[in-house]
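I opened a fresh notebook page for this one and kept my notes in the order I looked things up. Here is what I went after, sheet by sheet and then side chain by side chain.

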Amino acid sequence: MSALYARQRRVEYLLKEVEDDYVYMGHFKYVESKRDVVLVLGSSSFYLIEMGEDEIEDLDELPTGGARGYISLASAEEDLKNPNQFVLFQTSRPAIFLTGEELETAEAVVVLNALIRDAWQKACEENIVLGREIYQFHAVVRKINRKKRTQDRVWVVSNQWIYNLEAFGDSGPEQEFKWSLPIGSLLRVAAGQDDEKLGEFPATIHFDLEVAKGIMKQSAYADHKAGTKGKSINDKHQLLFMSQAERDKCVMALVALYYTQTKKKLAYDHETHSTGLRRSQLGVIKKEGVLNKYTRGAFGIGKHDRFFQIKTNGIISWGKDKAKMKYFENIVGVREEGAALEQFKLSKEELKRFFCILTTGKSIYLLCSSVNDRTDWVNCIKTILEEIQNDPVSSTRGDD
């Protein structure tokens, strides 16, 4: 009997003692401390046992309290720069970095992700994704709120809905969630500039809340549960993912699910370090002029005149005057009414001249000199967005 087979048989026996089934065992080292660790994967739990692989044969029992459910893991991912290393992203604890033989590392990642997905699908379909919905994927993220502070969140996505949950520990998701929005109400997704040093991989998800309301009124969704946040849901959500791969997987899945639901292409921007001023100088100016820009901050409502330009590539730029265009954003939508505009407490006459431009970075609130002027600006934006939507090349318009 080979030593490897003997160790495997020993682990199988120990797992049966705790009513679990053997799936995989591999020998690794922690990247930082270089300590030996044996990764044992059962069908329902995993163990990280700090000992050499030769010591496994003498193990009398699995570590007390060492079993961890797969719901405590967000994902496993290989290090693209070093194929000998991989990372276990945890839902509520620091990531675990391991290193080993290249083939063993690749095998561990594949097996781990399959077990993680199975565990998450079971937990979500028992508590969150109900009825005829089918779990698709999950993402553990940090959400940037209105005060620019980060909050730990979990996004669970089915084939019909997106759910936003409070972060949870090893016990898994509960039946309550903060809010949910239908896949069909997605407006645009944008991947931002990555910061590998800080481990921040951003994406901004835009929703059309009017479309969402229409879908929710359909009889097929009459029994859909309401979230704990009620109707107070933002139309834009800025998220920071654990890795580029996790972010890109989420974004591409949303694009695919939206097409399946609507048979339309979801607008997608991918901002890179090469975007910005050089990118903003491209395109043809479609409309320009002075508008009264409104802001809302800690000290109340502010307003000031700014010169704006909109280009055929969907870029809006503005500044104090035409010679000082300082800010640039990708346009994702336009709004002429809604609670977001009403927060500025304008008169009925002013509201007819007021509108909001949605971009990948912010919402821009503007007051025009006349109703006809607002109509011209809004129609110009809608035309540009429609042209971009119908142009296959537009899906990467944020790249140079």
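**Entry 1: a pair of strands.** I started with strand β1 (residues 22-30) and strand β2 (residues 36-42), which run antiparallel and are joined by 7 bridges. I picked out His27 and found that its bridge partner in β2 is Val38. A reminder to myself before going further: this is a predicted model.

**Entry 2: the sheet around that pair.** In what order do the 7 strands of this open sheet come? I read it as β4-β3-β2-β1-β7-β6-β5, with antiparallel pairing. The edges are held by β4 (68-69) and β5 (73-78); each has a single partner strand, so one side of each is left without a neighbour in the sheet. I then looked for what packs on the sheet and found helix α1 (residues 3-17), which touches β1, β2 and β3 (45-49). The direction of α1 makes about 115° with that of β1.

**Entry 3: the largest core.** A general thought went in first: in soluble globular proteins, nonpolar side chains tend to be buried together. Here I found that the largest nonpolar core has 40 residues, and that Leu39, Leu41, Phe86, Leu112 and Trp120 touch the most other members. Which helix gives the most to this core? That is helix α2 (residues 102-127), with 9 residues.

I followed Leu41 a little further. Leaving out residues up to four places away in sequence, Leu41 touches ten-odd names I can scan on screen, among them Leu15, Tyr22, Phe46, Tyr70, Val111, Leu112 and Leu115. A second, separate core has 28 residues, including Trp155, Trp179, Leu239 and Phe241.

**Entry 4: helix α2.** I checked the length next. α2 has 26 residues and spans 38 Å from its first C-alpha to its last, close to the 38 Å expected at 1.5 Å a residue. Its buried residues include Thr105, Ala108, Val109, Leu112, Ile116, Trp120 and Asn127. What do the buried residues of α2 pack against? I noted β1, β2, β5, β6 (85-90), β8 and β9 (150-158).

**Entry 5: the other sheet.** I turned to the open sheet of 8 strands, ordered β11-β10-β9-β8-β14-β13-β12-β15, where the pairing is mixed. β11 and β15 (267-270) stand at the edges with a single partner strand each, so one side of each has no neighbour in the sheet. From one strand to the next, the twist averages 30°.

Inside this sheet I looked at β8 and strand β14 (residues 236-241), which run antiparallel and are joined by 3 bridges. The bridge partner of Ile144 in β14 is Gln238. Helix α3 lies across β10, β11 and β13, and runs at about 90° to β11.

**Entry 6: salt bridges.** How many salt bridges does the structure hold? The count is 15, and I looked up three pairs.

My first pair was Arg142 and Glu200, whose side chains meet at 3.9 Å, N to O. This pair links distant parts of the chain, 58 residues apart: Arg142 sits in strand β8 (residues 135-144), and Glu200 in the loop between β12 (186-191) and β13 (201-207). Both ends are partly exposed, Arg142 with a relative accessible area of 27% and Glu200 with 24%.

Next came Glu166 and Lys178, which form a salt bridge at 3.5 Å, N to O. Glu166 is in strand β10 (residues 161-166) and Lys178 in the loop between β10 and β11 (179-182), 12 residues apart. Are these two residues buried or exposed? Glu166 counts as partly exposed at 44% relative accessibility. Lys178 has a relative accessible area of 18%, so it counts as buried, the cut-off being under 20%.

The last pair was Glu210 and Lys213, with the closest N and O atoms 3.8 Å apart. Both lie in helix α3 (residues 209-216), 3 residues apart, or about one turn of the helix. The general geometry helps here: an α-helix has 3.6 residues a turn, so residues three or four places apart point the same way. Glu210 is partly exposed at 49% relative accessible area, and Lys213 is partly exposed at 47%.

I closed the page with a network: salt bridges that share partners join Arg153, Glu166 and Lys178 into one.

Technical notes. Residues are numbered from 1 along each chain as its sequence is written. This is a predicted model: local features need pLDDT of at least 70, side-chain atom pairs count only at pLDDT 80 or more; totals for chains, interfaces and linings use all residues. Side-chain values use heavy atoms; hydrogens and water are left out. A salt bridge is a side-chain nitrogen of Lys or Arg within 4 Å of a carboxyl oxygen of Asp or Glu. Helices (H or I, at least four residues) and strands (E, at least two) are DSSP runs, numbered from the N terminus. Buried means under 20% relative accessible area, exposed over 50%, partly exposed in between (1.4 Å probe, protein chains only). Two strands pair if DSSP finds at least two bridges between them. Axes are lines fitted to C-alpha atoms, for helices over the stretch in contact, and angles run from 0 to 180 degrees between N-to-C directions. Contact means heavy atoms within 4.5 Å. A nonpolar core is a set of buried Ala, Val, Leu, Ile, Met, Phe, Trp, Tyr and Cys residues joined through side-chain atoms within 4.5 Å. The expected span of a helix is 1.5 Å times one less than its number of residues.
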